[in-house]
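Q: Please take one part of this model and go through it closely. Which pieces meet there, and how are they arranged?

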Amino acid sequence: MKPIVAVIGRPNVGKSTFFNRVTKSKNALVDNFPGVTRDRNFGDAVWDDVEFTLVDTGGFSDDDEDVFAGHIRSQIHQAIEDADAVIMILDGKGGISPYDSDLISILRLVKKPVLYAVNKIDGEGHEKYMYDFYSLGIENPYPVSAEHGYGIRDFLDDLIKVLPSSPAGEKDDMVRIAVAGRPNAGKSSLINRILGQERHVVSDIPGTTRDAIDSICRVNGKDYCLIDTAGIRRKGKVSLKLEKFSIIKALRSLDRCDIALIVLDAGKGVTDQDITIAGYAYERGCGCILLLNKWDLIEKDAGTAKRFNEELKNQAKFLNFAPSLTISALTGQRVNKIFGLVEDVYKQFSTRIGTGQLNRIMETALARNEPPMHNGKRLKFYYTTQVSEKPPAFVCFVNFPDAVHFSYKRYLINQLREGTGLTKTPIRLIFRQRTGRIEFGQRKQKEDKRDRKKKKRK
Ligand SMILES: Nc1nc2c(ncn2[C@@H]2O[C@H](COP(=O)(O)OP(=O)(O)OP(=O)(O)O)[C@@H](O)[C@H]2O)c(=O)[nH]1
Ligand SMILES: Nc1nc2c(ncn2[C@@H]2O[C@H](COP(=O)(O)OP(=O)(O)OP(=O)(O)O)[C@@H](O)[C@H]2O)c(=O)[nH]1
């Protein structure tokens with residue numbers, strides 16, 4: 001489970017700039033499927049092999065005074081409460097404001113790691129601006145420049161030292177299932193139906209599933225862990241802001257699960273919010289099953305289910321591999337089919353494919369459709385191997401990893417799916433530079449040197 005780090009501070013101190021700098025490297029690694037909705041407030045980051053999720057609390061207010069408004073304050077409190085660590089950004093150029101001292105006194109009471117970064121220190125010459133900040137009585141403020149990168153390395157080195165390591169206690173023998181979906185989609189009803197008892201309060205008021213509670217259920221003699229998820233809610237404008245941080249909880253359950261059951265209200269059609277939630281599950285590499293709920297309310301003819309499924313596949317293209325099912329949590333229709341799908345998906349999700357098989361598939365794929373040239377250079381694919389499962393991730397060694405075009409990558413992924421039969425699970429394909437005897441850079445240097453010598457001789 002990745003630790004969650006909240007980035008707080010008053011407007012304009014550079015939270016977003018900081019967030020972008022720290023999350024950028026990581027996002028480049030994640031499959032960049034068009035159609036995956038990215039909420040720029042949440043991003044994965046990795047430093048020195050330690051992974052964490054950054055939450056940017058910025059963008060809530062347009063002017064300074066607004067910052068004292070109660071609802072903004074309560075969101076920041078919520079973020080501090082939900083996160084595993086906090087980074088407070090201060091403005092080295094703008095100096096100290098009363099709001100800073102206010103936040104610092106709140107943070108003093110927090111029993112989790114807090115790091116202070118004084119931003120806009122754009123180089124050594126600016127370090128003199130740090131003096132004021134020592135007067136705040138905070139421990140070890142870090143001079144950084146989010147825009148130019150100054151001090152960021154040292155800061156991140158120390159950040160990852162204080163992050164909690166993932167709890168070892170998570171049982172690995174049980175399939176972990178998260179139920180996600182927008183407010184009122186029927187998540188609690190479905191969980192009740194599965195558990196066969198009124199363990200969860202079902203209500204018409206959106207947002208009753210506040211805290212995550214895990215339950216264990218036994219289906220066909222096998223135990224499954226159901227992770228109860230807080231709904232990812234989005235209502236009016238004001239609450240849109242307020243709700244941002246209940247997403248932290250939803251992200252947490254998606255982080256902890258193997259399989260996400262994404263519940264949609266079929267009566268409402270496929271909404272943007274459904275796609276956003278599906279996007280989160282996809283990005284986190286969960287196995288996904290799409291459940292079109294409240295099917296009992298739909299007026300149907302023979303083609304209705306097909307039309308719904310098509311619309312869904314069309315709107316969430318990145319989840320094309322996810323099986324879907326029309327259900328009714330209320331009547332129980334087809335709810336018993338869900339666990340069959342869970343088993344199908346989990347089997348693929350946790351599978352290992354041998355290197356021999358992988359390379360046969362890749363060879364055939366490469367021969368059938370040659371990789372396009374890049375800047376007049378031929379792309380060379382060396383070999384592919386599976387580096388992890390849940391979900392299956394493959395590393396493919398290439399001479400120019402950055403030059404593999406997106407559409408060609410997609411082609412290879414499809415060929416891998418077809419060849420391995422991994423059609424219902426997310427898979428990852430990562431291109432790495434082959435570390436051969438002479439790498440591209442070295443070879444180029446040698447060539448340059450040779451050219452220079454030639455010229456000299458002439
Ligand atoms: N000189 C300098 N300017 C910076 C640095 N980081 C951010 N800025 C500038 O500060 C301004 C505010 O940066 P943002 O990242 O949008 O600030 P924020 O804290 O996210 O603001 P809100 O979204 O309003 O909360 C922008 O004009 C940035 O270009 C830095 O390291 N040095
Ligand atoms: N007709 C019909 N109603 C359903 C079905 N599933 C849920 N409902 C109703 O939809 C409403 C919302 O259901 P909940 O299970 O509370 O939804 P939720 O997704 O947990 O909602 P939040 O707690 O707001 O996130 C309730 O009135 C349910 O009775 C279904 O399959 N058919």
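A: **One helix and the strands that cover it**

The buried residues of helix α5 are covered by, among others, the strands β2 (42-47), β5 (114-119) and β6 (142-143). Helices (H or I, at least four residues) and strands (E, at least two) are DSSP runs, numbered from the N terminus. Contact is meant when the C-beta atoms of two residues, placed from the backbone, lie within 7 Å.

This is a predicted model, in which local features need pLDDT of at least 70 and side-chain atom pairs count only at pLDDT 80 or more, while totals for chains, interfaces and linings use all residues. Residues are numbered from 1 along each chain as its sequence is written, and chains are lettered from A and ligands numbered from 1 in the order in which they are written.

Start with the helix. α5 spans residues 152-162, and its buried residues include Phe155, Leu156 and Leu159. These residues lie on the same side of α5, because the arc they cover around the axis is only 95°. The arc is that of the directions from the helix axis to the C-beta atoms. The face of α5 turned away from this buried side carries Arg153, Asp154, Asp157 and Lys161, which are exposed. A residue is buried if 20 or more other C-beta atoms lie within 10 Å of its own, exposed if 12 or fewer, and partly exposed in between, with C-beta atoms placed from the backbone.

Now turn to β5, one of the strands in the cover. In β5, 6 of the 6 residues are buried, so the strand is largely enclosed by the rest of the structure. Both of its faces are covered: Val114, Tyr116 and Val118 are buried on one side, and Leu115, Ala117 and Asn119 on the other.

β5 also has partners. Strands of a sheet pair through backbone hydrogen bonds, either parallel or antiparallel. Two strands are counted as paired if DSSP finds at least two bridges between them. β4 (residues 85-91) is joined to β5 by 6 bridges, and the two run parallel. Asp91 stands opposite Asn119 in β5. From β4 the chain crosses through helix α3 (residues 98-108) to β5, and this β-α-β crossover is right-handed. Right-handed means that, with the strands pointing away from the viewer, the path from the first strand over the helix to the second runs clockwise.

β5 is joined to β6 as well, by 2 bridges, and these strands run parallel. Ala117 has Tyr142 in β6 as its bridge partner.
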